[in-house]
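Student: Could you take me through one part of this model up close? I'd like to see how a single piece sits among its surroundings.

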Number of protein chains: 2
Amino acid sequence: MIDFSKIKVPTLLLNETIARSNLRKMAAKAAKQSIRFRPHFKTHQSAAIADWFRGFGVEAITVSSVRMAQYFARNGWKDILIAFPVNLRELADIDNLAGDIRLGLLVESVESAKHLEKFLNHQVDVWIKIDTGLHRAGIWHEDTHLIFELASYIHIANHLNFKGLLTHAGQTYDAKSPEEIVQLYKQSNIDMNQLRTKLTTFGIDKILISVGDTPGCWLSDDLGQVDEIRPGNLLFFDAMMLELGVCQPGEIAVAVACPVVAKHPREKEVIIYGGAVHLSKERIAGGQGPIFGYVAFQRKNGWRFSSKNNYVRSLSQEHGVVRLTKKDFSAAEPGDLIMVLPVHSCLAVNTLGEYLTLDGKWIETFRTHEPINR
Amino acid sequence: MIDFSKIKVPTLLLNETIARSNLRKMAAKAAKQSIRFRPHFKTHQSAAIADWFRGFGVEAITVSSVRMAQYFARNGWKDILIAFPVNLRELADIDNLAGDIRLGLLVESVESAKHLEKFLNHQVDVWIKIDTGLHRAGIWHEDTHLIFELASYIHIANHLNFKGLLTHAGQTYDAKSPEEIVQLYKQSNIDMNQLRTKLTTFGIDKILISVGDTPGCWLSDDLGQVDEIRPGNLLFFDAMMLELGVCQPGEIAVAVACPVVAKHPREKEVIIYGGAVHLSKERIAGGQGPIFGYVAFQRKNGWRFSSKNNYVRSLSQEHGVVRLTKKDFSAAEPGDLIMVLPVHSCLAVNTLGEYLTLDGKWIETFRTHEPINR
């Protein structure tokens, strides 16, 4: 049982029951539709939490860096996709890793594929990164000629196993409603399938499709004609997902417990120990300015979301300024804890580096002990 | 000598010559005006860098957390101010620390001061936190009655040594010009001195004034009628300070070396390995959307600022999207390094956790090896 009186500094709380329930729902939906669930582990970054996934039949995972892949490989994972454009400065590490496990990589240019082929001694799985509307990374899905050229090269290369087409339809994060999210997810899948059909007519066969965003995968009853989904955030959700209408308050599995250090009656604001170095500066656009987290209050064994009228209005390096309703302001006192539902749970995990569960157990991540860089 | 070819992942580069030059200028200005320079060490967070300050006569420092105070105390610093409203959940750690060193604390309510007095076994220095316009923390400078009540209580308390009035005039970060920064700094000091005069007439004597923001302290030739300044950021500066007109590009002492991983000709954008977990999501409001860093290019032994037309337009967890001019886009290739001048150097130091100097030395911070929390 957690002992809240022992919390001295901003601490990442984890409600394991909620997280496991979220995980169960997603895994069940994928299984029912015979789609591989290759969850993104950048959300939790923890070998201990990774073990929960095995119970749901998960054997293949997604990570966002070579170092994270090394960490999970050391912890027994044998099929890891690094969902990040291949970094030519890490080819030696990539090659070593590919000698130990089944390693998947993303490419989006023939040049990068040629570098891989030239440098690697081990086989790697290769996906072509496709942009279906996020405009962050990948080849635009209508650039069929370039995609065909790249797929053809991968096919003839000795060290590259062509897997298929991969996208992250993160444009769902800009949607105005849950309905629009479902529509964007569906459209992205249509675009991916049209591309697959075209490439097939050009003679490329056995093309898998991998897609990945939590909003689309969580809200869509029909996951579509895809072979693999890679959502990660659904494990914990966060204030961003609440704002988008993807999750309910009771589905958010993490909160940052922050000590109240001062009260300002004039503004109905309290100052918390909990700043950018704990919550990250990820924000939601609010009506009266940015929002850096929503407020929940301590309950016997956890927290309870209060209302969107209670929110973090600004963050400095270590301070947060929390605006509260009159009633909630009256009840808050220095020394209390305020539970902040972070805007982006993955980033809060990354900055805080470890969890305290509601059972009172500490759970480590790959950032808890190791040097941060190198 | 730094070997850029060995940089594989986002790496915080430090130009020690620039940093020492910035430090020298600030220390000299304070010394000339007989004002104590109590630098804020939350910027560099490093015992090795802290040693540079001793050469400029610095003996008293500022930090932003109890844990940071413990770290610098272990590294030989004997006079440390924790410039953060006192956290009642850390009183045992505070008391232990106060047994070892001269420890300064901030209070902004009689209740917190009473908690300190009741709990502590050791003496602490106490400053009253005053708000002169930032509206983050502190008592509004015109609330003379409350400030007097608090000062009077501190005076009679056995474990609290009343030091004076402290402010952080961070409203300078919202200024529209360097002239306005100087004006805001001056006005804050006028307000602080008026408050001191009033309290003196009420019978409170020996009131020191401590002020702290880098923009005001750096740009003002006359530091004003203050006893102590606490700027920290000037050691490194950053894109925010460049944007405010506080520093010149050649005065920025840190840059994050980020590998280029992809090119997108249509948008004249490159994708870098360098995201929110490296640079933080601190932003500057740009004309065409937020800016998450300015771009510098690699030079023989360091970097050179390019132009404000080259900037980071978005950051995901590990990716950055960099918009470049046509000419600079043509020259950039996957495998190259792009040097990002971070928006807020203190946060980039915190996320990256260690420095690589242009001499090729690694410098650690208090986050390099220790568990992140607890």
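Tutor: Here is a walk along one strand, on to the helix that follows, and then to some aromatic rings. Keep in mind that this is a predicted model.

Let's start with strand 8 of chain A, which covers residues 160-167. Seven of its eight residues are buried, so strand 8 of chain A is largely enclosed by the rest of the structure. What does strand 8 of chain A pair with? One partner is strand 6 of chain A (residues 124-131), in the parallel sense and over seven bridges. To find that pairing on your screen, look for A:Val126, whose bridge partner in strand 8 of chain A is A:Phe162. Strand 9 of chain A (residues 208-211) also pairs with strand 8 of chain A, again in the parallel sense, over three bridges. Here a handy landmark is A:Gly164, which has A:Leu208 as its bridge partner in strand 9 of chain A. To get from strand 8 of chain A to strand 9 of chain A, the chain passes through helix 7 of chain A (residues 178-201), and this β-α-β crossover is right-handed.

Now pause on that helix. A:Asn193 lies in helix 7 of chain A. Is A:Asn193 buried or exposed? With a relative accessible area of 18%, it falls under the 20% cut-off, so A:Asn193 counts as buried. Beyond its neighbours within four places in sequence, A:Asn193 is in contact with A:Ile209 and A:Gln225. For A:Gln225, there is a polar detail to look at: its backbone oxygen lies 3.0 Å from a polar atom of the A:Asn193 side chain.

On to the rings. Over all chains, the count comes to 20 aromatic pairs. One of them joins A:Tyr294 and A:Phe305, with ring centres 6.4 Å apart and planes at 85°, so the pair is edge-to-face. A:Tyr294 belongs to strand 15 of chain A (residues 293-299) and A:Phe305 to strand 16 of chain A (residues 302-305), so the pair ties together parts 11 residues apart in sequence. How do they sit? A:Tyr294 counts as buried at 2% relative accessibility, while A:Phe305, at 21%, counts as partly exposed.

Elsewhere in chain A, one aromatic cluster is made up of A:Phe41, A:Phe53, A:Tyr71, A:Phe72, A:Trp77 and A:Phe366. While you're looking at A:Trp77, check its face: A:Arg54 lies over it, 3.9 Å from the ring centre. Over in chain B, B:Arg54 lies over the face of B:Trp77, at 3.9 Å from the ring centre.

Key. Residues numbered from 1 in each chain as written. Chains lettered and ligands numbered in written order. Predicted model: local features only at pLDDT ≥ 70, side-chain atom pairs only at ≥ 80, totals over all residues. Heavy atoms only, no water. Buried < 20%, exposed > 50% of the residue type's maximum accessible area, 1.4 Å probe, protein only. Helix = DSSP H or I, 4+ residues; strand = E, 2+ residues; numbered from the N terminus. Pairing = 2+ DSSP bridges. Right-handed = clockwise from strand over helix to strand, strands pointing away. Polar contact = N/O pair within 3.5 Å; in protein donor to acceptor, adjacent residues only side chain to side chain. Contact = heavy atoms within 4.5 Å. Phe/Tyr/Trp six-rings, centres within 6.5 Å; stacked < 30°, edge-to-face > 60°. Lys NZ or Arg CZ within 6 Å of the ring centre and 35° of its normal.
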